[in-house]
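This report concerns a buried charge, the sheet around it and a disulfide. Please consult the sequence and the structure shown here while reading.

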Amino acid sequence: MKKPVRSKSCLVALLLALVGLVGWVALPDPLRSWLEPTAHAASMTFVVNSVADPGDGTCNTSNCTLREAMNAANNNLGLDTINFNIAGAGVKTINLNSALPTITDPVLIFGFTQPGYAGTPLIELNGTSAGAGQHGLQLASGQSVVVALT
């Protein structure tokens, strides 16, 4: 009496599934990511190049205020970076006309990127015109870091 073919097909299917799983795990991460993309937003770097406040509302290469950079970073999902490149030597004071937006998405704010930085912060936030009781930088998102601002 012949054995049923069904058990052979189940064994072949199981073997193929196992080979497929091992092959998938052996693929390098970049290739796996390309084959099965996930919904990760691209990190962006915004460069503050103006002490103006509030600015024109858009952070771009010709004009980007701290407020505009913070709004842009909040609107871009993922860990973003805010760097500084404000023309001229010495301390750059940003006189805030109102409270800065709350940081709601992870961001790295690096004051040490301002040209001329040598261990002493060159970016100063002045909130005297922002209104009584206003906060300076308010972080409502984990994984955020602020370095070298006064």
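D80 is buried (under 20% relative accessible area; exposed is over 50%, partly exposed in between, with a 1.4 Å probe and protein chains only). D80 has no salt bridge (a side-chain nitrogen of Lys or Arg within 4 Å of a carboxyl oxygen of Asp or Glu). The nearest side chain of opposite charge, R67, is 17 Å away; Lys and Arg count as positive, Asp and Glu as negative, and His and the chain ends are not counted. This is a predicted model, in which local features need pLDDT of at least 70 and side-chain atom pairs pLDDT 80 or more, while totals for chains, interfaces and linings use all residues. Residues are numbered from 1 along each chain as its sequence is written, and side-chain values use heavy atoms, without hydrogens and water.

Beyond its neighbours within four places in sequence, D80 is in contact (heavy atoms within 4.5 Å) with residues including F46, A73 and D105. D80 belongs to strand β2 (residues 80–84; strands are DSSP E runs of at least two residues). The bridge partner of D80 in β4 is V107. Strands β2 and β4 (residues 107–110) pair in the parallel sense over three bridges, where pairing requires at least two DSSP bridges. The open, parallel sheet has the order β1-β2-β4-β6. β1 and β6 stand at its edges with a single partner strand each, so one side of each lacks a neighbour in the sheet.

A disulfide (cysteine sulfur atoms within 2.5 Å) joins C59 to C64, with S to S 2.0 Å. The torsion about the S-S bond is about -90 degrees, so this disulfide is left-handed.

| Cysteine | Relative accessible area | State |
|---|---|---|
| C59 | 21% | partly exposed |
| C64 | 0% | buried |

Note on methods
Helices (H or I, at least four residues) and strands (E, at least two) are DSSP runs, numbered from the N terminus.
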